[in-house]
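Here are some short exercises on side-chain contacts, each with a worked solution. Have your viewer ready and try each task before reading on.

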Amino acid sequence: LTTKMLTKAAISWTGGKDSVLALHKMLENPAVNVSLLVTFCPSASPEFIAHPLPLIKLQAQALNLDHKVIVIQEPYLESYRQSIQQLHTTYGIDALVTGDIEDVCDDFMGRACEGTSVSLLRPLWQLARTDLLAEILSRKIKALVTCVKRTSFSVELANSLLGHHLTGKLVDQLLETAMTDDSEPGVDACGERGEYHTMVTSCSLFHGVLTYDFTLINEIEHPHIYIKLSNMALSNSIDC
């Protein structure tokens, strides 16, 4: 008898709802062994306002998974490609998993994996937004809205989202806005075009809950309204 080798996978990790849902799905796939979380970080990028690295590192601790920050430099496509190949060479990674739902960057990650020894897995690809958001709620993935594009939503909805976790009521409002909003054509209920961003603070995979304080930042010249997190910690950890 021959034993089929598991696909050794790394998750492209932002800490948001989509990468967390992608992780859930991969862990349920008996043909895949998730061994690494990878966060790609442009060298010239300022602090991630939507996905703070300190919180990402606490998520990795809560998941008890190895986490690697990979600094990307220009030209970005080639830098990504070299880094992805290095994941295979150093860690034996066969597949890179993303939480991408649509092609919003000319299939950037697909092109980045071309010519490498790493295949691209996209378990959320082109799934219905209603189904995705319902699954996030049903799995009790607590997704904190950290950032919104000010042109995408009404002031009232933006205020309801920022600093709050997605709920059934907020999801209904997002779906309604995606269908009816005319302030910016093509608003995506899952935020796939950058309308909003989230960070997961609790889910069934975490050993503990992420706690934090935050300050609302609303600078009129900035295209986004966001919350600045502080005092981040992992509580009720199994290590405590």
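**Exercise 1.** Decide whether Asp188 is buried or exposed in this predicted model, and find which side chain Asp188 meets in a salt bridge.

*Solution.* Start with the accessibility: Asp188 has a relative accessible area of 4%. Buried means under 20%, so Asp188 counts as buried. Next, look for a partner of opposite charge. Side chains of opposite charge can pair when their charged atoms come close. The partner here is Arg129, with an N to O distance of 2.8 Å. Now place both residues along the chain: Asp188 sits in the loop between helix H7 (168-180) and strand S7 (196-202), while Arg129 belongs to helix H5 (residues 129-138). They are 59 residues apart, and the pair links distant parts of the chain. Finally, check the partner's own accessibility: at 16%, Arg129 is buried as well.

**Exercise 2.** Work out how Arg111 and Asp106 pair, and classify the accessibility of each.

*Solution.* The closest N and O atoms of Arg111 and Asp106 are 4.0 Å apart, and the two form a salt bridge. For the accessibility, Arg111 comes out at 27%, so this residue is partly exposed. Asp106 has 57% relative accessible area, and is therefore exposed. The structure as a whole holds 10 salt bridges.

**Exercise 3.** Find which residues are linked with Glu135 in a network of salt bridges.

*Solution.* Begin with one pair: the side chains of Glu135 and Arg139 meet at 2.9 Å, N to O. Then extend the search, and the network turns out to comprise Lys25, Glu28, Glu135 and Arg139. As for Glu135 itself, the relative accessibility of 18% makes this residue buried.

**Exercise 4.** Classify the ring pair of Tyr80 and Phe108 by its geometry, then say which parts of the chain the pair ties together.

*Solution.* A search of the whole structure finds three aromatic pairs. In the pair of Tyr80 and Phe108, the ring centres are 5.0 Å apart and the planes meet at 85 degrees, so the arrangement is edge-to-face. Tyr80 is in helix H3 (residues 76-91) and Phe108 in helix H4 (residues 108-113), so the contact ties together parts 28 residues apart in sequence. Tyr80 is buried at 14% relative accessible area, whereas Phe108 is partly exposed at 22%. Add Phe40, and you have one aromatic cluster with Tyr80 and Phe108.

**Exercise 5.** Find which residue lies over the face of Trp125.

*Solution.* Go to the ring centre of Trp125 and look for a charge over the face: Arg122 is there, at 4.0 Å.

Note on methods:
Residues numbered from 1 in each chain as written. Predicted model: local features only at pLDDT ≥ 70, side-chain atom pairs only at ≥ 80, totals over all residues. Heavy atoms only, no water. Phe/Tyr/Trp six-rings, centres within 6.5 Å; stacked < 30°, edge-to-face > 60°. Helix = DSSP H or I, 4+ residues; strand = E, 2+ residues; numbered from the N terminus. Buried < 20%, exposed > 50% of the residue type's maximum accessible area, 1.4 Å probe, protein only. Lys NZ or Arg CZ within 6 Å of the ring centre and 35° of its normal.
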